[in-house]
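These are my notebook entries on one structure. I set down what I looked up, in the order in which I looked it up.

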Amino acid sequence: MSTNRKLTSRRWSRGAGAAVVVMLGMIAPGALAQQAPAQSLEDEIRAFCGNIADAARDQRYLLQKKELEELQAGVDERIRLLEERTVKYRDWLKKREDFMRVADTQLVEIYKNMAADSAAKQLEIVKPGIAAAIVMKLSPRLASQILNEMDTKKAAALTSILAAAAAPEQPEDPS
């Protein structure tokens, strides 16, 4: 048995030696890699930032795109509101102009059918601009009768407004 033991121990030694060589071969590269100089923290940061730069840029572009889309939606909403209000305003303006045309025509007809002294008393109370517009649309004969019946100061004020409205545009007085 002793020979047998010697033979087994030799085989085991050879196998163990080969196993040790293989294990050292596997461990040695790792050991050598650990012995390389360690990177500084700054180098690690640069490497990390370099690796994520494209992803960060893409994310930033996506955020900016989203913000622009939200802003565009807000602008589109405001444009829609303005268009709605423009339509409403135009409708209101048309109704007002139609009313003013009818009221203007009927108002002038009312003053045409009034006695000159009654018309003069009422036009003295009305704002001078409105009174002048009414008198301007009356026939010259009726307008002169109404102005004749009015207070002289008010008639003079209306005459000034009528003259300014009828006169062509004049340059401002340089003095």
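**Entry 1: Helix H4**

I began with H4 and found its buried residues to be Ala131, Ala132, Ile134 and Val135. They cover an arc of only 165 degrees around the axis, which puts them on the same side of H4. I noted the terms at once. Buried means under 20% relative accessible area, exposed means over 50%, and partly exposed lies in between (1.4 Å probe, protein chains only). The arc is that of the directions from the helix axis to the C-beta atoms. Helices (H or I, at least four residues) and strands (E, at least two) are DSSP runs, numbered from the N terminus.

**Entry 2: Basis of the model**

I recorded that this is a predicted model, in which local features need pLDDT of at least 70 and side-chain atom pairs count only at pLDDT 80 or more, while totals for chains, interfaces and linings use all residues. Residues are numbered from 1 along each chain as its sequence is written, and side-chain values use heavy atoms, with hydrogens and water left out.

I then looked up the confidence, pLDDT, which the predictor gives to each residue from 0 to 100. The chain has a mean pLDDT of 79, and 71% of its residues reach 70 or more. Among the elements, helix H1 (residues 2-34) has the lowest mean, 55, and H5 has the highest, 93. Where pLDDT is low, the predicted coordinates should not be read in detail.

**Entry 3: The chain as a whole**

I counted six helices and zero strands in the secondary structure. Of the 175 residues in the chain, 11% are buried. The chain exposes about 15000 Å², and carbon and sulfur atoms supply 60% of this area; the areas come from the Shrake-Rupley method with a 1.4 Å probe, and for residues only the protein chains shown count as cover.

I also looked up contacts, meaning heavy atoms within 4.5 Å. Among contacts between residues at least 6 apart in sequence, 66% join residues at least 24 apart.

**Entry 4: The nonpolar core**

Which residues have the most contacts inside the largest nonpolar core? They are Tyr111, Leu123, Leu138, Ile146, Met150 and Leu158, in a core of 19 residues. Helices H2 (41-113), H3 (116-125), H4 (128-137), H5 (140-149) and H6 (152-166) each supply at least two residues of this core. A nonpolar core is a set of buried Ala, Val, Leu, Ile, Met, Phe, Trp, Tyr and Cys residues joined through side-chain atoms within 4.5 Å.

I followed Tyr111 further. Leaving aside neighbours within four places in sequence, Tyr111 is in contact with Ala119, Gln122, Leu123, Val126, Ile134, Leu138 and Leu142.

**Entry 5: Helices H3 and H5**

In H3 I found Ala116, Ala119, Ala120 and Leu123 buried. They cover an arc of only 100 degrees around the axis, which puts them on the same side of H3. The face turned away from this buried side carries the exposed residues Lys121 and Ile125.

In H5 the buried residues include Leu142, Ala143, Ile146 and Leu147. Seen down the axis of H5, its buried residues fall within an arc of 135 degrees, so they line one face of the helix. On the other side of H5, Pro140, Arg141 and Asn148 are exposed.

I looked at Ala116 separately. Its relative accessible area is 16%, so Ala116 counts as buried. Beyond its neighbours within four places in sequence, Ala116 is in contact with Gln145, Ile146 and Glu149. The C-alpha atoms of Ala116 and Met150 are separated by 9.1 Å, although the two are 34 residues apart along the chain.

**Entry 6: Salt bridges in H2**

How many salt bridges does a search of the whole structure find? It finds six, a salt bridge being a side-chain nitrogen of Lys or Arg within 4 Å of a carboxyl oxygen of Asp or Glu.

I looked up three of these bridges:

- Arg46 and Glu42 meet at 2.5 Å, N to O. They are four residues apart in helix H2, so about one helical turn separates them. Arg46 is exposed at 52% relative accessibility, whereas Glu42 is partly exposed at 49%.
- Arg57 and Asp54 meet at 2.9 Å, N to O. Both lie in helix H2, three residues apart, about one turn of the helix.
- Arg80 and Glu84 meet at 2.2 Å, N to O. They are four residues apart in helix H2, and so about one helical turn separates them.

Lastly, I noted that salt bridges sharing partners join Glu42, Asp43 and Arg46 into one network.
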